[in-house]
Amino acid sequence: MTIELIFKISAVGILVTILSQVLKHSGRDEQAFLVSLAGLFIVISWLIPCISDLFSQIHSLFRL
């Protein structure tokens with residue numbers, strides 16, 4: 001996992017937080033929930049390859 005990925009995740013978190021707050025204050029709670037859900041899916045799609053790499057490295061480590 002690189003530092004770029006951490007910066008991307010934090011940027012998505014900041015954007016989702018700002019958009020969610022703006023939507024909640026304007027009375028659109030459903031859209032705020034969908035924005036949060038979309039942000040979560042984006043971050044998970046970035047993390048799945050890293051988790052897969054981790055499991056393959058653990059598997060090769062204990063294969064001996």
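Q: In which helix does leucine 34 lie?

A: This model is predicted. In it, leucine 34 belongs to helix H2.

Q: What secondary structure does the chain have?

A: One begins by counting helices and strands. The chain has 2 helices and 0 strands. Helix H1 covers residues 3–25, and helix H2 covers residues 29–63.

Q: How is the overall shape of the chain to be read, and what is its radius of gyration?

A: The general idea is to set the radius of gyration beside the value for a compact globule. For a compact globule of 64 residues that value would be near 11 Å, whereas the chain has 17 Å. The box that the C-alpha atoms fill along the principal axes is roughly 60 × 20 × 10 Å.

Q: Is leucine 34 buried or exposed?

A: The relative accessible area decides this, and exposed means over 50%. Leucine 34 has a relative accessible area of 52%, and therefore counts as exposed.

Q: Which class does isoleucine 42 fall into?

A: Isoleucine 42 is also to be found in helix H2. Partly exposed residues lie between the limits of 20% and 50%. Isoleucine 42 is partly exposed because its relative accessibility is 38%.

Q: What does a pair of positions within helix H2 show, for example leucine 34 and glutamine 57: how far apart are they in space?

A: Here one compares the separation in sequence with the separation in space. Leucine 34 and glutamine 57 are 23 residues apart in sequence, and their C-alpha atoms are 35 Å apart. A second pair is isoleucine 42 and leucine 61, which are 19 residues apart along the chain and have C-alpha atoms separated by 30 Å.

Q: What separates the C-alpha atoms of valine 12 and valine 43?

A: Valine 12 is placed in helix H1. Its C-alpha atom is 7.8 Å from that of valine 43, although the two residues are 31 residues apart along the chain. Another such pair is isoleucine 9, in helix H1, and leucine 47: they are 38 residues apart along the chain, with 9.5 Å between their C-alpha atoms.

Q: Why does valine 12 count as buried?

A: Buried means under 20% relative accessible area. Valine 12 has 15% relative accessibility, so it counts as buried. Isoleucine 9 has 24% and is therefore partly exposed. Over the chain, buried residues make up 12% of the 64 residues.

Q: What makes up the accessible surface of the chain?

A: One looks at the total area and at the atoms that supply it. The accessible surface is about 5,300 Å², and carbon and sulfur atoms account for 72% of it.

Q: Which residues make the nonpolar surface patch?

A: Ile51, Leu54, Phe55, Ile58, Leu61 and Phe62 make this patch of about 640 Å². Phenylalanine 62 is located in helix H2 and counts as exposed because its relative accessibility is 63%.

Q: How many positive and negative side chains does the chain have?

A: There are 4 positive and 4 negative side chains, and 3 Å separates the centres of the two sets.

How values were computed
Residues numbered from 1 in each chain as written. Predicted model: local features only at pLDDT ≥ 70, side-chain atom pairs only at ≥ 80, totals over all residues. Heavy atoms only, no water. Patch = residues over 30% accessible without salt bridge, like charges linked within 9 Å, V, L, I, M, F, W, Y side chains within 5 Å. Areas by Shrake-Rupley, 256 points an atom, 1.4 Å probe, with all protein chains shown as cover. Salt bridge = Lys/Arg side-chain N within 4 Å of Asp/Glu carboxyl O. Helix = DSSP H or I, 4+ residues; strand = E, 2+ residues; numbered from the N terminus. Buried < 20%, exposed > 50% of the residue type's maximum accessible area, 1.4 Å probe, protein only. Rg over C-alpha atoms; globule rule 2.2 N^0.38 Å. Lys, Arg positive; Asp, Glu negative; His and termini not counted. Charge placed at Lys NZ, Arg CZ, Asp CG, Glu CD.
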